[in-house]
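Reader: Could you walk me through how this one is put together? I'd like the criteria along with the answers.

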Amino acid sequence: MRYGFVIDHERCIGCHACTVACKEEHQVPVGVFRTWVKYVETGQFPDTRRHFGVLRCNHCDDAPCIEICPTHSLFRRSDGIVDFDNQRCIGCKSCMQACPYDALYIDPNSNTAAKCNFCAHRIENNMEPACVIVCPTQAIMAGDLDNPGSKTGAVIASRNTSVRKPEKGTLPKLHYVGIHPDLLQPAQLAKQNGFLWADRREMPTTSGSFNAATTREVYDVSHTAPWGWKIAAYLWTKSIAAGALLVAAILMGIFGLQGSVVNVISPAIALIAVTATAALLVFDLKRPDRFFYLLTKPNLRSWLVLGGYILMIYGALAAAWLSFGILHDSVPAAVVWAAAVFAAGTAGYSAFLFAQARGRDFWRHKWFFCWQLLVQAFMAGAAVLVVASLELLHPGAVASLRILLESSLVLAAVNLLVELVLPRRTDEERFAKRFLISGAAGRRFWVAAVILGLLCPLVLTVLPNAVHAATGIAAVLALYGLFWFEYLWLRAGQSAPLS
């Protein structure tokens, strides 16, 4: 048995009865929705036409929200319904990034994720979902998709139906009849700067494929970006944490450097930064009181869980490194190389977490992003150790670190060039790239991340006979630019509309 929906938009009149019934049935708070109706218009006055789209959870057979959920809060029932348990949810918002359909939201009352659950409590009592009962034109149908004798099975067998974003590979179980095709491609819609009773705070960037005669969005519900500055700061502090021991291992293994910089200062910085990283992750949870569920109720398929384990092991190795450095003035090679391996894992695991966010095409290039994160960690580690070495008046370390900082900046510049010229395959990727380069984030991206954070430090490090002060300024600018890159790159990934 596989419960699913069929919605006939040749019958839909856009009355919002389904939205109201859903809110009443589940006591959905004001401002969030389990099901909603979107309006678009085509043509030009006076030859215009309005089309409706009823949007909700697709109860996918290959649901990415289940895979990424770190505590098994989201799960698939034996009847195919994708349900949720808000008693396990920690409010990490990863499921919101994984869902390609904007189906999940954070309930402001419980601070946990919620969505359409097919009115599972009604199904268990042999009743149809509330939206099906209330629809005045019987446009919404629910039933067993595997049963050709059911109403839904008969419609799918006899009529042409569409699903949203089949290219995502989620195998959605919400089928549409007669829906306007542009309602299935939200990144191609023209965005208005205001509605009848409201204005947008920030005008979204439209797709390059839009022209004045195509489809315009005229009514929709709000979907805010789930991740903000705290996740950007987490990426930044994680780069410093991983980079501190990566660079220290290189200084010891290649440059033969010993002393307080590599034995004490590097692991101390790593410990402080990895603690800050963990604190930011917990602080970003909507239910931080449940953070320990990552250990007691873990989903080992989620990279949020696996990344947490990597952070803990890396923190323990950094503590061991610091203990040997303080007590014995030397660090065993086994500790150094084990820490270096987990430093690389600490830097790169986020690429696999972001790739699990299948709703965001901009983040799907996980191997390139993993390499990018390693280079960023290399740069952050070299930069922060330059500042520490200058404070300690350690000119030998500064000279070696300058070479490493210069090398990392060159690699970062190559990565940026690849990021800019990398062909984008989907409308959502092109939308996000335009947002980053020439859209709302463009000015800060070019000034803060590229000019001040990359080109200026690169010039300062390659100047012949550059004084240590110039290297220190370059290091501070590199750290400044790295934070802005993380923040704007994160915003760009969330800029394309999902519904």
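Author: Sure, starting with terms: contact means heavy atoms within 4.5 Å, while helices (H or I, at least four residues) and strands (E, at least two) are DSSP runs, numbered from the N terminus. This is a predicted model, where local features need pLDDT of at least 70, side-chain atom pairs count only at pLDDT 80 or more, and totals for chains, interfaces and linings use all residues. Residues are numbered from 1 along each chain as its sequence is written, and side-chain values use heavy atoms, with hydrogens and water left out.

Reader: Which residues of α16 does α12 meet?

Author: From α12, the contact includes Phe-369, Gln-376 and Leu-390. On the other side, α16 brings in His-468, Thr-471, Gly-472, Ala-475, Val-476, Ala-478, Leu-479, Leu-482, Phe-485, Glu-486 and Trp-489.

Reader: How many residues of that contact are nonpolar, polar and charged?

Author: Ala, Val, Leu, Ile, Met, Phe, Trp, Tyr, Cys and Pro count as nonpolar, Asp, Glu, Lys and Arg as charged, and the others, Gly among them, as polar. For α12 with α16 that gives 15 nonpolar, 5 polar and 1 charged.

Reader: At what angle do α12 and α16 pack?

Author: Axes are lines fitted to C-alpha atoms, for helices over the stretch in contact, and angles run from 0 to 180 degrees between N-to-C directions. The axes of α12 (residues 366-391) and α16 (residues 468-493) are 9 Å apart, and the angle is about 145°.

Reader: Which helix gives the largest share of the lining of the largest cavity?

Author: A cavity is a set of points on a 1 Å grid over the protein atoms alone where a 1.4 Å probe fits but cannot get out, and lining residues have an atom within 4 Å of a point. The largest cavity is lined by 15 residues, with Gln-376 and Phe-485 among those nearest its centre. α12, α13, α15 and α16 each supply at least two lining residues. The largest share, 5 residues, comes from α15.

Reader: Why is one side of β8 and of β9 left without a neighbour in the sheet?

Author: Two strands pair if DSSP finds at least two bridges between them. The open sheet has 3 strands in the order β8-β1-β9, with mixed pairing. One side of β8 (140-144) and of β9 (174-177) is free because both stand at the edges, each with a single partner strand.

Reader: What is the bridge partner of Ile-7 in β9?

Author: β1 (residues 3-8) and β9 pair in the parallel sense over 4 bridges. Opposite Ile-7, the bridge partner in β9 is Tyr-176.

Technical notes
On a 1 Å grid over the protein atoms alone, a cavity is a set of points where a 1.4 Å probe fits but cannot get out, and a pocket is an open set with protein on both sides within 12 Å along at least five of seven lines; lining residues have an atom within 4 Å of a point.
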